[in-house]
Structures are given as C-alpha cells and as structure tokens.
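Visitor: I should like a close look at a single part of the model that follows, with its surroundings described as they bear on that part.

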Amino acid sequence: MRAFTEKLLYLRKKQGLTQEALSKALFIERPTYTNYERGRRVPPYEIIVRIADFYNVSLDYLLREDYELYLSHQLTIIDKILSVLKQLDTTGLEDSFSHVRYLLALQKMHKKRTGR
C-alpha cells in the first residue's frame, strides 16, 4: 500500500493542492483524506475511483506497485501484436493498426500527465 500513499502525495503536490482543497473536491473530510495519504486507512473503492477520476489517471496507476513494469510489459505485448499484424494480409487491418496507435497515444498522454 506504500506505493498508493506515495502516489496520492505525489499527485496532490504536483497539482499544488492542500489536503483540505483535495478533500473538498473528493467530498470527504480532511482527516479522512490525511489518513489515506499517510497509509493509516485504506479508502473504499468508490473513493479510489473518485481520486483516479479527479487526477485523470487509471486505477492501475494508483493501485499497482509494479506499474512501470506493467507498462513495459504492455508495450512488449503491443510490439508483438504489431509484428504479427504486419505479417498478415493487410486487407481490413488498418482499423486494427489505428486502434493500436490510439492505445499507444492514450498511454503516452497518461505518462505525460502523471510524470511517470
């Protein structure tokens, strides 16, 4: 859970927010948020989703301790898929390539927003 609390602190500081301002934005009490950020309490699922939505990050980013490894693994899978697709008959595959490019763009935007 340490990675989660570190990410909460990192994201809040990156946005230049106080715990008070963030807790108001999340519709929770400041001491409750402080407990989440310090790892004294684990937020319920609904609050974790609210936090992810507020910062526009994925739940994977917030909750996975191995997020960087996970992203690396996902990129490896995408590379393998692209390699296989390039070897196939290209008739009708442009949509598949477009979708993969879209997923890569989303991932790039996410990295830019989170600084990771």
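To begin with the whole, what does the accessible surface of the protein come to, and what percentage of it belongs to carbon and sulfur atoms? After that, please examine helix α4, including its buried residues.

Guide: This is a predicted model, in which local features need pLDDT of at least 70 and side-chain atom pairs count only at pLDDT 80 or more, while totals for chains, interfaces and linings use all residues. Residues are numbered from 1 along each chain as its sequence is written, and side-chain values use heavy atoms, with hydrogens and water left out.

The accessible surface of the protein is about 7,700 Å², and 55% of it belongs to carbon and sulfur atoms; such areas come from the Shrake-Rupley method with a 1.4 Å probe, and for residues only the protein chains shown count as cover. Of the 116 residues, 33% count as buried, where buried means under 20% relative accessible area, exposed over 50%, and partly exposed in between (1.4 Å probe, protein chains only). The protein has 7 helices and 0 strands; these are DSSP runs numbered from the N terminus, helices being H or I with at least four residues and strands E with at least two.

Helix α4 spans residues 45-55. Its buried residues are Ile47, Ile48, Ile51, Ala52 and Tyr55. They lie on the same side of α4 because they cover an arc of only 140° around the axis, the arc being that of the directions from the helix axis to the C-beta atoms. An α-helix has 3.6 residues a turn, so residues three or four places apart point the same way. On the other side of α4, Tyr45 and Asp53 are exposed.

The buried residues of α4 pack against α1, α2, α3 and α5. The largest nonpolar core, with 16 residues, is a set of buried Ala, Val, Leu, Ile, Met, Phe, Trp, Tyr and Cys residues joined through side-chain atoms within 4.5 Å. The residues with the most contacts inside this core are Tyr33, Ile51, Val57 and Leu62. Helices α1, α2, α3, α4 and α5 each supply at least two of the core residues, and α4 gives the largest share, 5 residues.

At the end of the helix, Tyr55 is buried at a relative accessible area of 7%, whereas Phe54 is partly exposed at 35%. Their rings form the 1 aromatic pair of the structure. With centres 5.1 Å apart and planes at 80°, the pair is edge-to-face; rings of Phe, Tyr and Trp (its six-membered ring) pair if their centres lie within 6.5 Å, and planes under 30 degrees apart count as stacked, over 60 as edge-to-face and the rest as tilted.

Just after α4, Asn56 takes a positive phi of about 60°. Val57 then reaches back to the helix: apart from residues up to four places away in sequence, Val57 touches Leu11, Ala52, Leu62, His110 and Thr114, a contact being heavy atoms within 4.5 Å.

One feature among the neighbouring helices may be added. In α3, Thr34 is buried, with 5% relative accessibility. The C-alpha atoms of Thr34 and Gln19 are 6.8 Å apart, although the two residues are separated by 15 residues in sequence.
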